[in-house]
Amino acid sequence: MEQPNKQDVRIKLTIAKQQGKLVEVHNIKGDEYFNVGFIVGFDNYFCLMISIDWDGKINGLIAIRIESIDTVKDQTDYLTTVSEKTKVAHENHYFDIWRVQQFLDDHPKITTGNILMNVLRDSANNHLPVVIGTKKYQGVDDFSGMIHDLNEITLNLHYFNEKDLSSMWAYNILISQIDYVRSRGTQMATTKQILEDVFHQD
C-alpha cells in the first residue's frame, strides 16, 4: 500500500490534469530546483508535464517518476509570477517556440499508456536528443545525448560531458533506474547543436 504522501501526490496530479492547473512538482530532495508546468498525462509510474521555464515559455516535455515526487504545489507566489510571464510570452509570440502543444495535438497517444516508453520511443524514432536523470545520480547529474538502442529493459545512450568535449561517451541505463526524461525543448535543441557542430553527428 502506498504511503499517505504518495497518495496525496497522485490526487494532486489528477486534479492538476483535470483542471489544467499550473503546478510545481518537487522531485529532487533537498534541491531548490523544481519543475513547473501542466500535467498532460500519467500512468502508474510516470507523469508527463509540459515544462514551463522561468521566462514563462514552454520548455519541452518532461516525464517524471511519480515515486520520486515529494510534493505537488499550486497557487504559490512563484506560480503566480510564472503565470504572469506566460501572458507576456503569449502576447509576444514566444510561448511555444518548440511547438510542443502542436506536437501533443498531433500525437495524443503519447499522453496515454506507458508514458516513459512513449517519450523514449518518440525521441529514438525521430532521432531527437534527450536528457535523462537516473536514480543513481538524482540531483547531482543527468545525461544529454542520443538513444542508440532501446528495449523494455535497457537503453544505450551516447552522450557528451559539457566540461569534456574530447569524445562521446556511452551509457547503458536500466529503464527501471530512470527518474526523469526531458524531450522536445531547449535542452534537446542545444544538445542537437553541440552534436552537430562538435561531434559532427546529424
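In the predicted model, the lining of the second largest pocket is made up of 6 nonpolar, 4 polar and 3 charged residues. This pocket encloses about 190 Å³ of space, and of the 13 residues that line it, Tyr 33, Phe 34, Ile 52, Asp 53 and Trp 54 lie nearest its centre. Two or more residues of this lining are given by each of two elements, namely strand 2, which spans residues 35–42, and strand 3, which spans residues 46–52.

Apart from this pocket, the count of cavities of 30 Å³ or more comes to 1, and the largest cavity has a volume of about 40 Å³. Its lining consists of Asn 59 together with Arg 182, Ser 183, Arg 184, Gly 185, Thr 186, Gln 187 and Met 188. Strand 10 (178–183) and helix 5 (186–197) are the elements that give two or more residues to this lining, and it is helix 5 that supplies the largest share, with 3 residues. When the lining residues of the largest cavity are sorted by class, 5 are polar, 2 are charged and 1 is nonpolar.

Helix 4, which runs over residues 115–125, is mostly covered, in that 8 of its 11 residues are buried. The buried residues of helix 4 comprise Ile 115, Leu 116, Met 117, Asn 118, Val 119 and Leu 120, along with Asp 122 and Ser 123. Helix 4 is followed by His 127, for which the phi angle is positive, with a value near 55°.

Technical notes:
Residues are numbered from 1 along each chain as its sequence is written. This is a predicted model: local features need pLDDT of at least 70, side-chain atom pairs count only at pLDDT 80 or more; totals for chains, interfaces and linings use all residues. Side-chain values use heavy atoms; hydrogens and water are left out. On a 1 Å grid over the protein atoms alone, a cavity is a set of points where a 1.4 Å probe fits but cannot get out, and a pocket is an open set with protein on both sides within 12 Å along at least five of seven lines; lining residues have an atom within 4 Å of a point. Grid points are joined across faces, edges and corners, and a volume is the space filled by probe spheres set on the points. Helices (H or I, at least four residues) and strands (E, at least two) are DSSP runs, numbered from the N terminus. Ala, Val, Leu, Ile, Met, Phe, Trp, Tyr, Cys and Pro count as nonpolar, Asp, Glu, Lys and Arg as charged, and the others, Gly among them, as polar. Buried means under 20% relative accessible area, exposed over 50%, partly exposed in between (1.4 Å probe, protein chains only).
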